[in-house]
Amino acid sequence: MPLVVTGTIGIDTVYTPSGHAQSVLGGSCTYFAAAASFHAPVRIVAAAGDDLPAEHLETIRHFPGIDASGLEIRKGSKTFRWGGKYHDNMDRRDTLYTELGVLAEAPPKIPDKFRDSEFVFLANTHPGVQLGMLEAFPQRRLAVADTMDLWINTARPELDKLLSKVDGLVLNYDEAELLTGKRNSVAAARHILEMGPTFVVVKKGEHGSLLIHREGLGALPAYPAEQVVDPTGAGDSFAGGMMGFLAAAGAKHPGNGSRRGASLESLMRALAHGTVMASFNIESFSLDRLRTLTREELDARYASFAGMMRVH
Ligand code: AMP
């Protein structure tokens, strides 16, 4: 079933305890699309400036499942740039700079052939752009958004409106606290459910993820990774694995007569696919690991992760 994503194409500079990477390919849309493409074809709607290096474009085109015809390269504009530095335990990071570039201009155009998309992911970008995108897909069955501190702090009215219209929200535990003022992740997510979505996924880095759904709760550990080089894009590749799986499976409806949304059961499996995808992404800088990832490696790690739960 057609899956579409909008978000950022970024040029990142990242410092981690394992090393650093200068002006590498990043962006919420990029990580999401690369990850989702392992499960289902994915359409991207995004903009970049003509300063985007040719090899970065080539990396995006390297993934056969990505339809990049909605990627606008704007003459004279600057690509979104982000710099980040991770703390010693890699669980927290500081943003060193954010240069909006094209994000401060008109939103990217949506190709007409994308209008029939049924699965919609609004990766991190300005909530005003996310809202416009959402309304452009009238046949949507499942619309999920991500957000982060910058937008919670600077675009709250648009974000509140967005929350009243999406089926699900994916965010980090500290962002859930920032959004609701509630420290406890379950309490924060329940508060977010009152703002509109039928489910919230709270990501807790190496402590796994929580699913708070109107039907009930679910929890998953992170994949116990031995090698973490760069956590950048973990959240987006998690979301890509999750939405790609749901789009491929045609997501089971919640069973309440609604055509929209997804059941607790299918979402839990989707979260497991997201967890496994993110565990590969963090093994190297930028999209280097996703570029070499094979279907066999993905399937083997999913089977091993499923086996690790050892509970019935
Ligand atoms: P993640 O580690 O999953 O949160 O995603 C990191 C990616 O998001 C980086 O590659 C950045 O280019 C991009 N990014 C950072 N800040 C923002 C922002 N405020 N809005 C959209 N994308 C962002």
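1. Ligand shell. The ligand is surrounded by 18 residues, and the closest of them are Asp12, Gly27, Arg93, Gly233 and Asp236. Note that the model is a predicted one. Sorted by class, the shell holds 7 nonpolar, 8 polar and 3 charged residues.

2. Polar contacts to the ligand. Asp12 places a polar side-chain atom 2.4 Å from an oxygen atom of the ligand. Two glycines contribute through the backbone: a backbone N or O atom of Gly27 is 2.7 Å from a ligand oxygen, and a polar backbone atom of Gly235 is 3.1 Å from an oxygen atom of the ligand. Of the 510 Å² of accessible area that the ligand has on its own, the protein covers 95%.

3. Elements around the ligand. Two or more residues of the shell come from each of helix 1 (28-36), strand 7 (80-86), helix 4 and helix 8 (234-249). Helix 8 gives the largest share, with 3 residues.

4. Helix 7, buried face. Helix 7 spans residues 185-194, and its buried residues are Ser185, Ala188, Ala189, Ile192 and Leu193. Viewed down the axis of helix 7, these residues lie within an arc of 145°, so they line one face of the helix. The spacing fits the general rule: an α-helix has 3.6 residues a turn, so residues three or four places apart point the same way. The cover over the buried residues of helix 7 includes strand 11 (168-172), helix 6 (173-180), strand 12 (199-203) and strand 13 (209-213).

5. Helix 7, ends. At the start of helix 7, a side-chain oxygen of Asn184 comes to within 2.9 Å of the backbone nitrogen of Val186. Just after the helix, Gly196 has a positive phi of about 145°.

6. Helix 6. The buried residues here are Glu175, Ala176, Leu179 and Thr180. They span an arc of only 120° around the axis, which puts them on the same side of helix 6. Their packing partners are helix 4 (149-154), helix 5 (156-163), strand 11 and helix 7. After helix 6 comes Gly181, with a positive phi near 80°. Helix 6 is thus linked to helix 7 from both directions: helix 7 is among the elements packed against the buried residues of helix 6, and helix 6 is among those covering the buried residues of helix 7.

7. Arg43. This residue sits in strand 4 (residues 42-49). Is Arg43 buried or exposed? Its relative accessibility is 17%, and because the cut-off for buried is under 20%, Arg43 counts as buried. The side chain of Arg43 reaches the backbone oxygen of Phe114 at 3.4 Å. Not counting residues up to four places away in sequence, Arg43 touches Pro2, Leu3, Val4, Val5, Asp67, Lys113, Phe114, Asp116 and Ser117. Phe114 therefore appears both as the partner in that backbone contact and in the list of residues touched.

8. Ile60. Helix 2 (residues 54-62) contains Ile60. Ile60 is buried, at a relative accessible area of 5%. With neighbours within four places in sequence left aside, its contacts are Ile9, Leu25, Thr30, Ile44, Ile66 and Leu71. As a reference distance, the C-alpha atoms of Ile60 and Ala219 are 32 Å apart in space, and the two residues are 159 residues apart in sequence.

Note on methods. Residues are numbered from 1 along each chain as its sequence is written. This is a predicted model: local features need pLDDT of at least 70, side-chain atom pairs count only at pLDDT 80 or more; totals for chains, interfaces and linings use all residues. Side-chain values use heavy atoms; hydrogens and water are left out. Buried means under 20% relative accessible area, exposed over 50%, partly exposed in between (1.4 Å probe, protein chains only). Helices (H or I, at least four residues) and strands (E, at least two) are DSSP runs, numbered from the N terminus. The arc is that of the directions from the helix axis to the C-beta atoms. Contact means heavy atoms within 4.5 Å. A polar contact is a pair of N or O atoms within 3.5 Å; within protein, one must be able to donate a hydrogen and the other to accept it, and residues adjacent in sequence count only if both atoms are side-chain atoms. A residue is near a molecule or strand if one of its heavy atoms lies within 4 Å of it. Accessible areas come from the Shrake-Rupley method with a 1.4 Å probe; for residues, only the protein chains shown count as cover. Ala, Val, Leu, Ile, Met, Phe, Trp, Tyr, Cys and Pro count as nonpolar, Asp, Glu, Lys and Arg as charged, and the others, Gly among them, as polar.
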